[in-house]
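Hi,

Here's the structure I promised to pass along. Have a look at it first, and my notes are underneath.

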Amino acid sequence: MHTFKKEERLCNKRLLKKLFTSGSSFLVYPFRVVHMPEATSDHYPVQVVVAVPKRKFKKAVDRNLLKRRIREAYRLHKDTHLYPVLTRNDTRIILSLSYIGNEIADYKIIEKKLLTVLKHLHKAYDREDN
């Protein structure tokens, strides 16, 4: 199930506003992660938005490159690190991955840090049911 379909992307402006006003956040450089439980789509336990600031990366080519790398790393590792705990606990979450680094990171670095983010989320939502 290494897919990243439209239903997994967070596009609803009402949910985005709610996420950024009342969501929990943590930092794993170069990511700022905001998350919160929310009753969303039945098929996918997570809806995610990936953001790269225009202030730090003026060229759209650079922003798009970073977003592609982040989405690819997320797509490959969500099934093994995040989805099992959420489906086991019957939890749905909305998630924002904001890139706050100052330079364009290699895919290997992004993948390594995103794995740390997913493990942190795994612990956070596994702990809630205990």
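There are three aromatic pairs in this predicted model. In one of them, F4 and Y74 sit with ring centres 5.7 Å apart and planes at 80 degrees, which makes the pair edge-to-face because the angle is over 60. F4 belongs to the segment before α1 and Y74 to helix α2, so this pair ties together parts that are 70 residues apart in sequence. Both F4 and Y74 are buried.

Another pair is F31 with Y99: the centres are 6.1 Å apart and the planes are at 80 degrees, so this one is edge-to-face too. Here the link runs between strand β2, which holds F31, and strand β4, which holds Y99, with the two positions 68 residues apart in sequence. F31 has 0% relative accessibility and counts as buried, and Y99 is buried as well, at 2%. Ring pairs also bring in F57, giving a cluster of F31, F57 and Y99.

Now for the sheet those two strands belong to. It's open, with four strands in the order β1-β2-β4-β3 and mixed pairing. β1 (24-28) and β3 (46-51) are at the edges with a single partner strand each, so one side of each has no neighbour in the sheet. From one strand to the next, the twist averages 20 degrees. β2 (residues 31-37) and β4 (residues 93-99) pair antiparallel over seven bridges, and V33 stands opposite L97 in β4.

As for the helices, α1 (residues 13-22) lies across β1, β2, β3 and β4, at about 105 degrees to β2. Helix α2 (residues 60-81) lies across β2, β3 and β4 and runs at about 155 degrees to β3.

Cheers

Terms used: Residues numbered from 1 in each chain as written. Predicted model: local features only at pLDDT ≥ 70, side-chain atom pairs only at ≥ 80, totals over all residues. Heavy atoms only, no water. Pairing = 2+ DSSP bridges. Axes fitted to C-alpha atoms, helices over the stretch in contact; angles between N-to-C directions. Contact = heavy atoms within 4.5 Å. Phe/Tyr/Trp six-rings, centres within 6.5 Å; stacked < 30°, edge-to-face > 60°. Buried < 20%, exposed > 50% of the residue type's maximum accessible area, 1.4 Å probe, protein only.
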